[in-house]
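Open the model in your viewer and keep the sequence panel visible. The stops below are given in the order in which to select them.

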Amino acid sequence: RERSTRIDNLTFEAGGASARGAIELSPQGEVQVVKLTQARLSPGDDMRVDLQRAGDLYRVTVRGVSIDARPFVKSLGQSANSSQKSADFELDLKSPILTGFSKQALTNADLKITRRGGAIRQFAASGQFGRGAVTARMTTAEGGRPQIDIGSADAGALLAFADIYSRMEGGALNAIMSQEPTGLVGTVKIRSFNLRDEPALRRLVAESAPRADAPGAKVDPALVGFDRLQVVFLRSGGHMTLRDGVMNGPNIGLTVEGSVDTERNTIALNGTFVPAYTVNNFFSKIPVVGVLLGGGWNEGLFALNYKVTGRVNAPQVSVNPLSVAPGFLRKIFGVLDNVGDQPQR
């Protein structure tokens, strides 16, 4: 044509990716229109794609029977650290099935993203894991800064879907996060969940078992229930830094900080482990006793300093035996823990 070149009946195949449809190019060879009646980036994909270019903006509509979200999830961390300028776009995606990591699938997925001027201006997503609803939307925080609020009735499924953590079951999740120059920063709160076969927790329970003789201290490490988790995180690519982390349940209390590097499969965490949390922490909440013994509100009366280092799938757990003492003694002994040790490569 005078102002464009149109290619019809296009068939494209490359490895596991394939597409059928038509494209339209400008005289300079830039893509103006893409209409794919069938598109597949991964073997499980079955979707249609309609792309229209308006100046420097790309409007993309995706409708699928099933879509594999894993390549998109992987690209999120990479794009957050990329110095290359990404094109502005409007994405409207809907699919009955959106598959992620750990064999998790989000049903009735609905996603809308708008990026203009190099920044996300609109973000809204919804779906379900089983009967548990998942929602995410962009809001405005104090000071006018944009943030994303996420809620999920099944925290374990969401974390596994996103390839963040795969050993949690259930839980009600609320998270707030924002994109900063250093990476993705946020706070996560989860209530009423279980951890199943967590290697680090199993080792930690085994290490502390001889010292945890208080009532209710016996714990089955194969499945441990918790009432709540709260942690502040910074994620930059595959590296995640945790601080001010607190987990507690009827029989166990934990504080945690450190880092996890999924790209190198390494972990370096440290904190306080409190056996028999309900019994132990009760005394620290008594005004006079708690102040005299020096245990923090979440640290309990008797606690163990611990470190978890090494490989994520085979962590090494070490416990400071001198830290089995009232809170003020534990804090003194904690100076000798060398919590800044780097994980083994």
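Start with the hairpin that links β11 to β12 through two residues. This is a predicted model, and the stops that follow are read from its coordinates. Select residues 168-180 for strand β11 and residues 183-196 for strand β12; the two pair in the antiparallel sense over twelve bridges. To check the register, pick glycine 170 and look across to phenylalanine 193 in β12, which stands opposite.

Keep β12 selected and add residues 223-236, which form strand β13. β12 and β13 also pair in the antiparallel sense, over twelve bridges. Here the residue to pick is lysine 189, with glutamine 230 of β13 standing opposite.

Next, select leucine 173. What does leucine 173 contact, leaving aside its neighbours within four places in sequence? Its contacts are Ile150, Gly151, Ser152, Ala155, Leu158, Leu159, Val188, Lys189 and Ile190. Leu173 also belongs to the largest nonpolar core, a set of 66 residues. Leu173, Ile190 and Ile252 are the residues with the most contacts inside that core. In soluble globular proteins, nonpolar side chains tend to be buried together.

Move on to residues 266-275, strand β16, and residues 303-311, strand β17. β16 pairs with β17 in the antiparallel sense over eight bridges. Pick leucine 269 and find valine 308 of β17 opposite. Is β17 mostly covered or mostly open? It is mostly covered, with eight of its nine residues buried.

Now zoom out to the whole protein chain. It has six helices and 18 strands. Of its 345 residues, 43% count as buried. Its accessible surface comes to about 19000 Å², and carbon and sulfur atoms account for 55% of that. Among contacts between residues at least 6 apart in sequence, 46% join residues at least 24 apart.

Finish by colouring the chain by pLDDT. The average is 82, and 79% of the residues score at least 70. Two stretches to select are residues 212-216, where pLDDT stays under 50, and residues 335-345, where pLDDT also stays under 50. Beyond four places in sequence, the model has seven contacts for residues 212-216 and 19 for residues 335-345. Where pLDDT is low, the predicted coordinates should not be read in detail.

Note on methods
Residues are numbered from 1 along each chain as its sequence is written. This is a predicted model: local features need pLDDT of at least 70, side-chain atom pairs count only at pLDDT 80 or more; totals for chains, interfaces and linings use all residues. Side-chain values use heavy atoms; hydrogens and water are left out. Buried means under 20% relative accessible area, exposed over 50%, partly exposed in between (1.4 Å probe, protein chains only). Helices (H or I, at least four residues) and strands (E, at least two) are DSSP runs, numbered from the N terminus. Two strands pair if DSSP finds at least two bridges between them. A nonpolar core is a set of buried Ala, Val, Leu, Ile, Met, Phe, Trp, Tyr and Cys residues joined through side-chain atoms within 4.5 Å. Contact means heavy atoms within 4.5 Å. Accessible areas come from the Shrake-Rupley method with a 1.4 Å probe; for residues, only the protein chains shown count as cover. pLDDT is the predictor's confidence in each residue, from 0 to 100.
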